[in-house]
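Subject: Handing over the structure

Hi there,

Here is the structure I promised to pass on to you. Have a look at it first, and then read my notes underneath.

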Amino acid sequence: MADQGDRQRQAAVLIADVAGYSALVEAQEAETIAAVRDLGNRIIAPAAGEHGGRVVKTVGDGFLMEFRSAVPAVKAAMAISGKAAASRNGPRGLSLRLRMGIHSGTVFPSDDDLLGNCVNVASRLQSLAAPGEICLSGTVHEQVRGRVGAAFDDLGLQQVRNIAEPVRIYRIAGNSLPALDPEGPSPEASVAVLPFASASPASTEAEDMAQTLTEDITIGLSRYRALRVVSRNAALQFAGSKASPSVAAAELGVRFLAEGSVRQLPGKLRVTVTLSDGASGLSLWSGRYDREDCTDFSQQDALAAQITQTLATQLQSVASQKSAMRAAKRGTPTARELVMQARSLILDSRGRLTQCRTLYQQACDADFGNAAAYSGLALTYLVEWMSGWAVSAELTLDKAFPLLRHAARIDPLDSVSQRRLAVMHLCKGNFTLAEDHFQRALMLNPNDTDTMAFRGLSLIYQGRPEKALAELDQATALNPFHPTYFHWFRGLALYMCRAYDPAVSEVTKAIELFPGFPVPHRHLAACYAQLGNRPAAARECGRVLDLEPGFSVARLSKTLPFARAQDLEHYCEGLRQAGLPE
């Protein structure tokens, strides 16, 4: 390496920090600080030295390293990442996960520090990396490609803060053609959206629609934090390719492939979409959509959103099921697998709620930096509040809040944590705060129909059931595989509109699917009472009391966050007329 007295020199800069450090310190400060110090002394500094580099400085959980060139920097990063993942030196014997960024260029030594644009870019790449990932600039990729025994995901051009020109970013994906696990996907479902094909070469409308859908669906899926989505640029290499699904999936490092075509028909465009398993080539889901006005951008956006939501639902469902089966075979599940098992449970009974809470708690204990685990654990308290199973409604919500705040700190870009924070504030009747978090959630993921549905519930409690129905209609149209609670949200909105017959139809759909959840039975009892159907109302009262033996209208009325007294009275009066105890 050049003499330290040089005013400037060419070098490769590697910056690493510990993912979830703040959360770890908050939980176990002394143990975390000692573990990070040990990580630096035992793994990071020796690995940097072995590859001709040095640790320039450490700041808290961050490490700044300098190397002569990009190749040793990348090799050192891979060695550090592997050794850190295998070392269980964190609090409670956990592995500390590192996020790393690498760039090469001109650096300016300054005492025990390095300055310059090169350091700034490496720092921004590090901040963009997910836990356990190594991100590098296009400059570094050009220098190391084919020389370090790794494959790379092209994440495309990204605008980096305080850098004038966009930077092309790559992520180390592992060795070339990674083998796929025959038992199932990685804990988070990995997917590539292959370029949609125009089945009508002479039609510019079909070609334009194919390109638009490819880009919009890729972007839409990437907003789901539970999914790992290959960039559009990386998937472009398979445009018109005759490669088999298994080869495409292996080269892209994913388990699932989404592909489609656009065909020009008389007066309309026909879009077909298929989701397949990359290992087996089996089709998991297929859909067909016809659009008459291909120049209507709002229709194009709605179609892309509907396809995105459907694919996301299918991917997360399949991933949860296969992860649970794989964890059962292996014996000791990881934190991510515990989260996936918990997500696969339908919370329609106290027993399943308890089982789900146990899984999420185990995931939290295993990984303090897992935002999904803390957010999921908070969800169990929100469901407990909504169902009426909570011993104390207020204390139940108080348990959810710190968990959600912690999850949002770990991953501020996760729309799910923001949505659940909105629901928590909604349950407390804080509509302004709830709307703020709903808006944040939709900004992070405009295709999240669960957020739309809960926003509809908020509108019901605010005394705007007609607007709530419009919100719920939009969510239902975008998500044909929507959760059951969409039906009883609609049922409540219709009840508040005094449309009792349609409300009975909606709520009955929810009960037919999951009869063990008590809330729809309450709604149905109130509807039958308002319609004067005493036998049906009495039947539902019996089911409510079977599911909630301690139920009383007075107790429930203290928790429901209706903004207007007349709306609360309208709902409670229906329950009283049905015969439920005061």
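Below is what I found, going from the strands to the cores, the pocket and a few single residues.

Please keep in mind that this is a predicted model.

**The strands**

A good place to begin is strand 12, which covers residues 256-265 and pairs in the parallel sense with strand 9 (residues 189-193) over 3 bridges. One of the pairs to look for is Ala192, whose bridge partner in strand 12 is Leu257. Strand 10 (residues 197-198) also runs parallel to strand 12, and 2 bridges join them. Strand 13 (residues 268-277), by contrast, is antiparallel to strand 12, with 10 bridges between the two. There you will find Glu259 opposite Thr274 of strand 13. Strand 12 and strand 13 form a hairpin with 2 residues between the strands, and Gly267 in this hairpin takes a positive phi near 80°.

Ser198 makes a handy landmark here. It sits in strand 10, and its bridge partner in strand 12 is Val262. Val262 also appears among the contacts of Ser198, together with Ser203, Ala206, Glu207 and Ala210, if residues up to four places away in sequence are not counted. Ser198 and Ser261 are 63 residues apart in sequence, yet their C-alpha atoms are 5.6 Å apart in space.

There is another hairpin earlier in the chain, made by strand 2 and strand 3 with 2 residues between them. Strand 2 (residues 54-59) and strand 3 (residues 62-67) run antiparallel and are joined by 5 bridges. Thr58 stands opposite Phe63 of strand 3, and in the turn Gly60 has a positive phi of about 60°.

**The nonpolar cores**

The largest nonpolar core has 128 residues, and the members that touch the most other members are Met65, Ile80, Ile102, Leu136, Val144 and Leu457. Helix 12 gives the most to this core, with 10 residues. If you click on Leu457, you can pick out its contacts with Met386, Leu426, Phe489 and Leu492, not counting residues up to four places away in sequence. Another core, of 31 residues, lies apart from the largest one, and its members include Ala206, Leu275, Tyr289 and Leu311.

**The second largest pocket**

The second largest pocket has a volume of about 480 Å³. It is lined by 32 residues, of which Trp385, Ala393, Leu556, Thr559 and Leu560 are the closest to its centre. Several helices give two or more residues to this lining, including helix 13 (393-410), helix 16 (449-461) and helix 20 (518-531). The largest share, 4 residues, comes from helix 12. By type, the lining divides into 19 nonpolar, 6 polar and 7 charged residues.

**Buried places in the helices**

Is Gln309 buried or exposed? It is buried, because its relative accessible area is 5%, under the 20% cut-off. Gln309 belongs to helix 9 (residues 297-330). Leaving out residues up to four places away in sequence, Gln309 touches Tyr224, Asn447, Asp448, Thr449, Leu478 and Asn479.

His141, in helix 5 (residues 138-144), is also worth a look. With a relative accessibility of 6%, His141 counts as buried. Apart from neighbours within four places in sequence, His141 is in contact with Leu136, Phe152 and Tyr170. To get a feel for distances, compare His141 with Glu506: they are 365 residues apart in sequence and 55 Å apart in space, C-alpha to C-alpha.

Helix 10 (residues 335-343) is mostly covered, with 7 of its 9 residues buried. Among the buried ones are Ala335, Glu337, Leu338 and Met340.

**Two loop residues with a positive phi**

Most residues other than glycine have a negative phi. Asp111 has a positive phi, near 55°, and lies in the loop between strand 4 (98-109) and strand 5 (114-115). At 79% relative accessibility, Asp111 counts as exposed. Arg498 is not a glycine either, and its phi is positive at about 65°. You will find Arg498 in the loop between helix 18 and helix 19 (500-513), where its 48% relative accessibility makes it partly exposed.

Enjoy exploring the structure, and do write back with any questions.

Best wishes

Conventions:
Residues numbered from 1 in each chain as written. Predicted model: local features only at pLDDT ≥ 70, side-chain atom pairs only at ≥ 80, totals over all residues. Heavy atoms only, no water. Buried < 20%, exposed > 50% of the residue type's maximum accessible area, 1.4 Å probe, protein only. Contact = heavy atoms within 4.5 Å. Pairing = 2+ DSSP bridges. 1 Å grid on protein atoms, 1.4 Å probe; cavity = no way out; pocket = protein on both sides within 12 Å on 5 of 7 lines; lining within 4 Å. Points joined across faces, edges and corners; volume = space filled by probe spheres on them. Nonpolar A, V, L, I, M, F, W, Y, C, P; charged D, E, K, R; others polar. Core = buried A, V, L, I, M, F, W, Y, C linked by side-chain atoms within 4.5 Å.
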